[in-house]
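Here are my notes for someone opening this model for the first time. Keep the 3D view at hand while reading.

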Amino acid sequence: MLREALGSLELSDVPLASVTGRLVGASGLLLESVGCPLQTGQRCLIETAGGSWLQAQVVGFKREVSYLMPFKQPVGLATGARVKPAPEQGQLMIGPSWLGRIVNGLGEPLDGKGRLGGSHPLAEHPPRINPLRKHPVDTPLDVGVRAINATLTIGRGQRVGLFAGSGVGKSVLLGMITRHTEADVVVVGLIGERGREVREFVEHALGEAGLAKAVLVVAPADESPLMRLKATELCHAIAAHYRDEGQNVLLLVDSLTRYAMARREVALALGEPPATRGYPPSVFGLLPALAESAGNGEGEGSMSAIYTVLAEGDDQQDPVVDTARAILDGHIVLSRELAERGHYPAIDIGRSVSRCMGQVAPRPVREHARALRGLWARYHEVRALIPLGGYVAGADAQTDRAVSAMPAIDALLCQDAGEAGSLDASWQAMAQLVGA
C-alpha cells in the first residue's frame with residue numbers, strides 16, 4: 001500500500017526546501033523578521049527558545065523587513081529565531097454546535113467542551129452589504145428596559161451605543177438587555193474587559209437558558225491587541241452568519257472603546273503618527289467599517305447591535321465617543337449624577353436619542369415620549385432651586401406639572417436589574433403618566 005501511494009507521487013510534488021526567515025528585532029509587541037517573503041495579514045510561526053512555535057500575523061512591512069504581531073504574549077523569543085509561514089488551516093466552519101459555546105478571537109473553544117464544527121464556512125471578516133439592498137429598520141425591538149422601550153424605542157437591525165464613564169452601570173444595563181430582549185441568537189463580544197466579568201456574565205446575565213442560544217467571543221484585557229481586534233471582528237462575522245440564515249440576532253459588544261484602543265496600539269507600534277488624543281487616523285477609518293457590517297442584511301433576518309462606549313472622565317466629547325455617536329443609529333447616555341442619586345439604570349433621557357424611533361413607534365407613542373422628555377427637561381431646569389427655596393409653585397403651570405409628575409417619572413424610568421418591562425406595558429404606562 002505504501003509503495004502504491006509513493007508510486008502516485010510526482011517528483012515535482014516533493015518540496016526541495018522550506019523557506020524560513022529570521023527574527024531580527026522585538027520592540028514591545030512588534031516583531032521584525034527578514035529573509036522570508038510574507039504578505040500582510042498572513043499568519044506565521046516564530047520559534048521560541050523552548051522549541052515551541054508562537055503564532056503571529058503580519059501587520060506591515062518596510063523594505064525587506066516584515067512586521068509581525070503575536071496573538072499571545074511573546075515569551076522566550078531570541079534574536080535569530082526561525083520564522084516561517086503558518087500552514088493553511090482553512091476557514092472556520094460554523095453551525096448550530098456553536099450555540100452555547102465560548103471562544104477566543106481565533107475561534108478556539110475556551111469552555112472545555114471539545115472542538116467546534118459546522119457545515120458552513122465562516123468569513124474571516126464581516127461581509128459588506130450594498131446599502132440599497134439592506135432591509136429597513138421597521139419593527140420595534142423589545143429590550144425589556146422601560147426607559148428605553150418608552151422614550152428611546154429601538155428597532156430590529158438598529159445599532160445603538162451605551163455611552164458612560166467607568167462604574168456608572170454599562171455592564172449591568174447590558175446584562176438586563178441580554179436577559180430580556182427577544183432574539184433567536186445572542187452573540188456577545190467581551191473585548192478588553194476584566195477577566196472576572198466573563199464568568200459573571202455567563203452565570204448572572206445569561207444563565208443556562210440564555211447561554212443555550214448564545215455565542216460568546218472573549219478577549220480580556222490581558223490579551224494582545226491583535227487578539228482583541230480579531231475577537232471583535234469574529235463576533236460580527238458570527239452574528240452576520242446567523243442573520244443571513246434568517247434569524248433575529250442580538251449582537252452585544254463590550255466595549256467598542258477597547259477595540260479602538262487595540263487598533264491604536266497596533267497603529268502606533270507601526271509608526272503611524274497620533275492625531276486626536278493619541279489616536280491615529282486609521283482608528284477613525286476602521287470604526288465606521290465595523291459598524292456598517294452590523295445591522296440588517298438583504299434577507300428576512302435581522303442583526304441588532306448594542307455597543308458600550310467608554311467616555312473617559314465622563315467626557316462626551318472624547319474622540320471615540322464623538323465618532324461612535326456619529327456612525328451609530330442612536331446613543332443612550334448614562335449619567336454619573338443619576339447613578340449617585342440611586343437612579344438605575346442611570347439613563348439620561350434628555351441627552352439620549354434613538355434615530356429609528358420615528359420608523360418603529362406609532363405616532364401617539366412618539367408624542368407621549370416627547371411630552372415626557374419635556375417634563376424631564378423642565379424639572380431639571382429648576383431642580384437645583386427647590387432645596388434652596390428658589391422655586392415658587394404657581395409661577396409657571398408647566399413647571400408645576402413637571403415637579404408634581406417627577407416621582408411618577410422616576411418610578412417609570414427606574415428598574416431593578418432582575419425586573420422586565422415589556423414594550424407594550426412601557427408604552428401604556430407612559431401614556432397614562434403624560435395624559436394624567
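The points below go from a central strand to the cores, then to a proline and the cysteines.

1. Keep in mind that this is a predicted model. Residue numbers start from 1 along each chain.

2. A good place to begin is strand 13, residues 185-191. Seven of its seven residues are buried, so the strand is largely enclosed by the rest of the structure. Both of its faces are covered: on one side sit Val185, Val187, Gly189 and Ile191, and on the other Val186, Val188 and Leu190, all of them buried. As a rule, side chains in a regular strand alternate between the two faces of the sheet.

3. What does strand 13 pair with? One partner is strand 15 (residues 248-254), in the parallel sense over six bridges; here Val185 has Val249 as its bridge partner. Another is strand 14 (residues 214-219), again parallel and over six bridges, where Leu190 is matched with Val218. To get from strand 13 to strand 14, the chain passes through helix 4 (residues 196-212), and this β-α-β crossover is right-handed.

4. Next, the nonpolar cores. The largest has 59 residues, and those with the most contacts inside it are Ile148, Leu216, Ile347 and Ile409. This core takes at least three residues from each of domain 2 (93-358) and domain 3 (366-435). A second, separate core holds 55 residues, including Phe163, Leu229, Ala231 and Leu234.

5. Ile347 is worth clicking on. Leaving aside residues up to four places away in sequence, Ile347 touches Val145, Ala147, Ile148, Leu152, Leu173, Ile332, Val333, Leu334, Leu338, Ser352 and Trp376.

6. Now for Pro85, which lies in strand 6 (residues 82-85). Is Pro85 buried or partly exposed? Pro85 is partly exposed, with a relative accessible area of 30%. Beyond residues up to four places away in sequence, its contacts are Val19, Cys36, Leu38, Gln42, Arg43 and Cys44. For a sense of scale, Pro85 and Arg325 are 240 residues apart in sequence and 40 Å apart in space, C-alpha to C-alpha.

7. Two of the contacts of Pro85 are cysteines, Cys36 and Cys44, so why is there no disulfide between them? The sulfur of Cys36 has its closest cysteine sulfur in Cys44, 8.2 Å away, which is too far for a bond; the cut-off is 2.5 Å. A search of the whole structure finds zero disulfides. Cys36 is buried, at 7% relative accessibility, and Cys356 is buried too, with a relative accessible area of 7%.

How values were computed
This is a predicted model: local features need pLDDT of at least 70, side-chain atom pairs count only at pLDDT 80 or more; totals for chains, interfaces and linings use all residues. Side-chain values use heavy atoms; hydrogens and water are left out. Buried means under 20% relative accessible area, exposed over 50%, partly exposed in between (1.4 Å probe, protein chains only). A nonpolar core is a set of buried Ala, Val, Leu, Ile, Met, Phe, Trp, Tyr and Cys residues joined through side-chain atoms within 4.5 Å. Domain bounds come from an automatic or database domain assignment. Contact means heavy atoms within 4.5 Å. Helices (H or I, at least four residues) and strands (E, at least two) are DSSP runs, numbered from the N terminus. Two strands pair if DSSP finds at least two bridges between them. A crossover is right-handed if, with the strands pointing away from the viewer, the path from the first strand over the helix to the second runs clockwise.
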